[in-house]
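Work through the exercises below with the sequence and the model in view. Each task is followed by its solution.

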Amino acid sequence: NFFGMLAWLLRPGDGYLYQRPELAQTLPERFRTGTWEQMCARQHDYCERLKQALKPEIRVLRDPFAPLQPILDLPEPMEAVADMVQRMRMDRPVGCAAKEALWARDIFMVKLLVSNPLRLRNMAALTWNMRNVDGYAPPDAGSLYKRSDGSWWLLVPKHLLKNRRGGAAIRDYDSPVHQSVWADLERYLFKHRPHLMRWSTDLVFLARTEDPDRLTKFGKAP
């Protein structure tokens with residue numbers, strides 16, 4: 001995992017370190033061997049070779065499917081998800097705008113994952129622009145947008161998909177959100193999301209970082 005993270009940072013083209021050539025100036029002179037791109041590519045290759053060399057030493061301590069196996073063994077596994085959503089609805093907090101906003105966010109997030117099972121990174125990076133809620137989305141409308149027929153869609157450019165170099169990402173991910181999600185989506189975006197905003201942002205999913213009871217007193221959450 002450690003070398004995998006390093007390789008991700010150094011990945012040619014879109015790795016974080018690869019895109020920060022100014023960091024070369026922070027290195028001692030003796031370590032500046034070639035251009036920044038060459039240095040990143042060399043270390044990226046080194047990390048990949050180390051990962052391969054260490055594979056025989058890796059032991060899986062647990063089966064990642066084990067916690068989910070009871071649900072996967074059900075005749076209709078999705079019924080467990082539907083049951084979870086209903087129990088979440090019954091646990092709606094009252095008297096605190098920030099807590100209720102988190103509750104609305106979580107229900108929408110679970111239902112959206114069922115409708116559009118994107119990877120965590122893509123889900124966390126979803127954007128929405130309040131100025132564009134009708135019609136086909138212009139380039140800056142965000143990845144969550146509403147069409148003129150009232151339907152909601154998700155647009156993720158293919159270069160942001162994990163398998164962008166393989167056959168799984170030959171085109172952009174432009175897919176409808178299931179109609180059963182729309183009510184929870186709009187309730188979160190238009191009613192509850194403002195209570196989680198500390199500054200202007202296009203990100204769909206926001207987090208609370210302070211005590212919601214204290215924030216309610218001031219009428220706004222971060």
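**Exercise 1.** Determine how helix H1 and helix H2 pack, and which residues form their contact.

Solution. Helix H1 (residues 2-10) packs on helix H2 (residues 36-54) at an angle of about 155°, and their axes are 9 Å apart. H1 is therefore roughly antiparallel to H2. Angles under 35 degrees count as roughly parallel, over 145 as roughly antiparallel, 65 to 115 as roughly perpendicular and the rest as oblique. Axes are lines fitted to C-alpha atoms, for helices over the stretch in contact, and angles run from 0 to 180 degrees between N-to-C directions. Helices (H or I, at least four residues) and strands (E, at least two) are DSSP runs, numbered from the N terminus.

The crossing of the two helices, H1 and H2, is left-handed (the near helix is turned anticlockwise from the far one by less than a right angle; clockwise would be right-handed). On the H1 side, Phe3, Gly4, Leu6, Ala7 and Leu10 take part; they meet Cys40, Gln43, His44, Cys47, Glu48, Leu50, Lys51 and Leu54 of H2. Contact means heavy atoms within 4.5 Å. Sorted by class, the contact of H1 with H2 has eight nonpolar, three polar and two charged residues. Ala, Val, Leu, Ile, Met, Phe, Trp, Tyr, Cys and Pro count as nonpolar, Asp, Glu, Lys and Arg as charged, and the others, Gly among them, as polar.

The model is predicted: local features need pLDDT of at least 70, side-chain atom pairs count only at pLDDT 80 or more, and totals for chains, interfaces and linings use all residues. Residues are numbered from 1 along each chain as its sequence is written, and side-chain values use heavy atoms, with hydrogens and water left out.

**Exercise 2.** Do the same for H4 and H5.

Solution. Helix H4 (residues 78-90) and helix H5 (residues 97-115) have axes 10 Å apart and an angle of about 165°. H4 and H5 are therefore roughly antiparallel to each other, and H4 passes H5 in a left-handed crossing. From H4 come Met78, Val81, Met84, Val85, Met88 and Arg89, which meet Trp103, Asp106, Ile107, Val110, Lys111 and Val114 in H5. Nine residues of the contact of H4 with H5 are nonpolar, none is polar and three are charged.

**Exercise 3.** Place arginine 92 and alanine 104, and list their contacts beyond four places in sequence.

Solution. Arginine 92 lies in the loop between H4 and H5. Its relative accessibility of 35% makes arginine 92 partly exposed (buried is under 20% relative accessible area, exposed over 50%, partly exposed in between; 1.4 Å probe, protein chains only). Its contacts are Glu100, Trp103, Arg187, Lys191 and His192. Arginine 92 and tryptophan 103 are eleven residues apart in sequence, and their C-alpha atoms are 6.6 Å apart.

Alanine 104 is in helix H5 and is buried, at a relative accessible area of 0%. Alanine 104 touches Arg187, Tyr188 and His192. From alanine 104 to lysine 191 there are 87 residues in sequence and 9.3 Å in space, C-alpha to C-alpha.

**Exercise 4.** Is lysine 146 buried or exposed, and with which side chain does its side chain make a polar contact?

Solution. Lysine 146 is in strand S1 (residues 144-146). Lysine 146 counts as buried, at 18% relative accessibility. The partner is the side chain of glutamate 186, at 3.5 Å. A polar contact is a pair of N or O atoms within 3.5 Å; within protein, one must be able to donate a hydrogen and the other to accept it, and residues adjacent in sequence count only if both atoms are side-chain atoms.
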